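Visitor: Please give me a close look at one part of this molecule, with its surroundings. I should like the cut-offs behind each term stated as you proceed.

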Amino acid sequence: MTQPEKNKIECPHCQQKLLKWACPIESKWCSEYMYICFNDDCSFFVEGWDWMLENYNVKASYRYRYNPFTGETGSLPVYSKDAGRESIIP
C-alpha cells in the first residue's frame, strides 16, 4: 500500500492531523485501521450533535474518517467525546 496523500491525513473541516485508529474486529469496514479526526473543536464533530438530535432524536455526533485502503471518507458515529479514543494507535 502506498502512503496516503498529505491532504488525506488532515481533516477537511478543521485541518487538524487525523489519528491512526484501529477498526473494531466486528466492524464491516474490512480495514485494519483508519484515520479519524479527534479534534473536539472540529466543526464536523461540534455541529454533529445538533444534526443527530434533530434528524434521529439521539444524543450522538460523528467524527470525520478516512480509510487509506479504499480512499473512502465519511463519518464515525460517537456517543461521547471520549468514544473511540481507546482505539487510537500511538
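Guide: The account below follows one helix, the segments on either side of it and the strands around it.

This is a predicted model, in which local features need pLDDT of at least 70 and side-chain atom pairs count only at pLDDT 80 or more, whereas totals for chains, interfaces and linings use all residues. Residues are numbered from 1 along each chain as its sequence is written, and side-chain values use heavy atoms, with hydrogens and water left out.

Helices (H or I, at least four residues) and strands (E, at least two) are DSSP runs, numbered from the N terminus. The approach to helix α1 (43-56) is the loop that joins it to β2 (33-36), and Asn 39 is placed in this loop. Asn 39 counts as buried because its relative accessibility is 19%; buried means under 20% relative accessible area, exposed over 50%, and partly exposed in between (1.4 Å probe, protein chains only). A polar atom of the Asn 39 side chain lies 2.9 Å from the backbone nitrogen of Asp 41. Such a polar contact is a pair of N or O atoms within 3.5 Å; within protein, one must be able to donate a hydrogen and the other to accept it, and residues adjacent in sequence count only if both atoms are side-chain atoms. Beyond its neighbours within four places in sequence, Asn 39 is in contact (heavy atoms within 4.5 Å) with Cys 14, Gln 16, Phe 45 and Arg 63.

The helix itself comes next. α1 has 14 residues and spans 19 Å from its first C-alpha to its last, close to the 20 Å expected; the expected span is 1.5 Å times one less than the number of residues. A kink of about 30° is centred on Trp 49, where the bend is the angle between axes fitted to the seven residues ending there and the seven starting there. Phe 45, Gly 48 and Met 52 of α1 are buried, and the buried residues of this helix pack against β3 (61-66) and β4 (73-78).

Ser 61 shows this packing from the side of β3, the strand in which it is placed. With a relative accessible area of 0%, Ser 61 is buried. Its side chain reaches the backbone oxygen of Phe 45 at 2.6 Å. Not counting residues up to four places away in sequence, Ser 61 touches Phe 44, Phe 45, Gly 48, Trp 49 and Met 52, and also Leu 76, Pro 77 and Val 78.

After α1 comes Asn 57, whose phi is positive, near 55°. Asn 57 is a residue other than glycine and belongs to the loop between α1 and β3. Asn 57 counts as exposed because its relative accessibility is 65%.

Arg 65 is also found in strand β3. Arg 65 counts as buried, at 6% relative accessibility. A polar atom of its side chain lies 3.0 Å from the backbone oxygen of Ser 75. Apart from neighbours within four places in sequence, the contacts of Arg 65 include Trp 29, Met 34, Tyr 35, Ile 36, Glu 72 and Leu 76. Arg 65 and Ser 43 are 14 Å apart, C-alpha to C-alpha, and 22 residues apart in sequence.

The aromatic rings complete the surroundings. Rings of Phe, Tyr and Trp (its six-membered ring) pair if their centres lie within 6.5 Å; planes under 30 degrees apart count as stacked, over 60 as edge-to-face and the rest as tilted. The count comes to eight aromatic pairs by this rule. Tyr 33 and Tyr 35 form an edge-to-face pair, 5.9 Å centre to centre with 85° between the planes, and both residues are buried. Tyr 33 also forms an edge-to-face pair with Phe 69, at 5.0 Å and 65°. Tyr 33 lies in strand β2 and Phe 69 in the loop between β3 and β4, so this pair ties together parts that are 36 residues apart in sequence. Phe 69 is partly exposed, with a relative accessible area of 40%. One aromatic cluster is formed by Phe 44, Trp 51, Tyr 56, Tyr 62 and Tyr 64.
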